[in-house]
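Let's take a quick tour of one strand and its neighbours, then have a look at the cysteines. Keep the model open while you read.

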Amino acid sequence: MLKGMEVTVVGGGIGGLAAALALRQRGAEVCVLEQAEAIREVGAGIQVSPNGLRVLEALGLGTAFRAATVRGQAVSMRDFRRGREVVSLDLSGLPEAQSYRFVHRADLIDLLAAASREAGVRVRLLQAVHAIEPGDPPRVVCRTGDEGRADLVIGAEGLHSVLRPALNGAAAPFFTGQVAWRAVVPNTVGHPAEARVHMGPGRHLVSYPLRGGRSVNIVAAEERRDWVAEGWSHSDDPANLRRAFADFGGDVPALLEQVEAPGLWGLFRHPVARVWHGAGVALLGDAAHPTLPFMAQGANMALEDAWVLGDALQRAPDIQTGLAAYQQRREARVRRVVQAAEGNAWKYHLRNPLVRGVAHLGLGAVGRLAPGRLVGQFDWIYRHDVTAPGQGA
Ligand SMILES: Cc1cc2nc3c(=O)[nH]c(=O)nc-3n(C[C@H](O)[C@H](O)[C@H](O)COP(=O)(O)OP(=O)(O)OC[C@H]3O[C@@H](n4cnc5c(N)ncnc54)[C@H](O)[C@@H]3O)c2cc1C
């Protein structure tokens with residue numbers, strides 16, 4: 001069904017580019033409209049779990065992607081004060097093709113963009129889309145007034161989607177009261193190939209190595225009720241970051257010392273879209289289901305969406321049937337992941353020292369007595385394989 005179909009993808013992020021490639025590989029004529037002047041990713045690192053890696057493998061990018069990444073051997077959960085390890089989740093037993101990976105976002109975007117272009121996807125930059133109108137055919141209107149039509153338009157424009165309100169009505173996002181800093185620093189603290197989650201009162205800090213062991217990525221979330229939401233992200237004074245984590249020990253002070261220009265994000269909770277598709281249009285990735293970063297699954301979900309969208313359209317007799325199957329195959333899983341991410345931060349952020357001490361003791365005991373249960377609790381995320389034969393209807 002996809003052969004020769006004209007598809008416009010709005011947004012050249014991880015989800016949009018993966019979808020463009022997935023559809024192009026199935027024969028569609030694909031054009032990506034990206035508002036930025038270049039396909040590039042600001043921000044820092046990203047964790048790609050086995051479920052996301054399976055999609056990259058299926059797109060033919062597995063080897064190149066693995067070469068651009070550091071394989072995660074463990075997730076080490078630590079107490080904030082001195083960095084003492086509470087428990088470690090062993091990821092080393094996962095097969096290579098389903099391993100857990102740390103990558104700079106720019107490297108993943110570069111890989112997807114190069115593969116898309118090589119496959120014949122047209123990428124048009126400086127195309128800020130003002131409206132996507134469902135119809136037969138659907139219409140795309142750029143802020144410049146330029147218009148275009150296609151058989152199918154995919155809204156992969158992230159958090160500030162123009163298509164989501166058109167399909168679902170406007171819904172105000174809810175500020176969680178938390179912010180996240182992200183930065184890449186030179187890796188001078190001899191970090192091993194593990195993610196470290198430093199758990200402190202109302203805050204946590206995650207660091208992990210990127211390619212070549214040269215840099216470390218920091219993601220930190222802290223309550224900050226004075227957030228002024230005139231923009232959702234801006235660069236922050238590193239002194240704020242250091243102040244917020246002044247009571248953190250272990251290798252945290254050495255990491256924070258190296259931070260020069262951290263990005264600062266306000267974390268907003270949005271409802272998962274009820275309606276993911278209309279006449280000739282579909283939502284994908286954060287545009288459909290903004291995901292808080294506490295399970296490191298937003299980009300992984302966007303990759304899964306991209307694969308399922310391509311597969312559903314290929315199997316369907318017509319576009320609308322394919323789009324309905326896409327939402328049907330994705331929605332329940334995505335809702336579960338989004339909910340899990342929302343519920344995860346409080347476990348890191350316990351404020352009462354007694355409660356925190358007991359919780360950490362319990363976690364450590366489970367880690368010693370039944371280590372398999374700790375990683376096993378994520379099986380429903382990591383073991384899920386949207387590319388496996390028989391996944392579609
Ligand atoms: C602090 C933090 C840490 C995270 N860590 C992880 C992690 O470790 N693992 C993980 O899986 N996820 C992580 N995520 C989530 C992940 O970043 C997102 O879920 C993912 O980037 C979504 O991809 P996307 O393609 O849907 O949207 P985006 O990445 O937002 O891409 C949207 C693209 O559309 C373009 N665009 C926007 N509006 C328009 C328009 N009107 N016209 C044209 N183009 C437009 C944008 O310029 C952009 O290129 C994290 C998020 C945060 C905030």
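## Strand 18 and the cysteines

Strand 13 (residues 174–186) lines up with strand 18 in the antiparallel sense, and seven bridges link the pair. This is a predicted model, by the way. If you want a spot to zoom in on, V179 sits opposite G266 of strand 18.

Strand 18 also pairs with strand 17 (residues 233–235): that pairing is antiparallel too and has three bridges. Here S233 is the residue facing W265 in strand 18.

| Partner of strand 18 | Sense | Bridges | A facing pair |
|---|---|---|---|
| Strand 13 (residues 174–186) | antiparallel | seven | V179 and G266 |
| Strand 17 (residues 233–235) | antiparallel | three | S233 and W265 |

How much of strand 18 (residues 263–269) is buried? Five of its seven residues are, so the strand counts as mostly covered.

Now for the cysteines. The disulfide count is zero. C31 is in no disulfide, and the nearest cysteine sulfur, in C142, lies 9.4 Å away. Why does C142 stay unbonded? Because its closest cysteine sulfur, the one in C31, is 9.4 Å off, too far for a bond, when a disulfide needs the two sulfur atoms within 2.5 Å. Both residues are tucked away from the surface: C31 is buried at a relative accessible area of 6%, and C142 is buried at 7%.

How far to trust all this? The chain's mean pLDDT is 90, with 92% of its residues at 70 or more. For the complex, the predictor reports an ipTM of 0.96 and a pTM of 0.95.

Methods
Residues are numbered from 1 along each chain as its sequence is written. This is a predicted model: local features need pLDDT of at least 70, side-chain atom pairs count only at pLDDT 80 or more; totals for chains, interfaces and linings use all residues. Side-chain values use heavy atoms; hydrogens and water are left out. Buried means under 20% relative accessible area, exposed over 50%, partly exposed in between (1.4 Å probe, protein chains only). Helices (H or I, at least four residues) and strands (E, at least two) are DSSP runs, numbered from the N terminus. Two strands pair if DSSP finds at least two bridges between them. pLDDT is the predictor's confidence in each residue, from 0 to 100.
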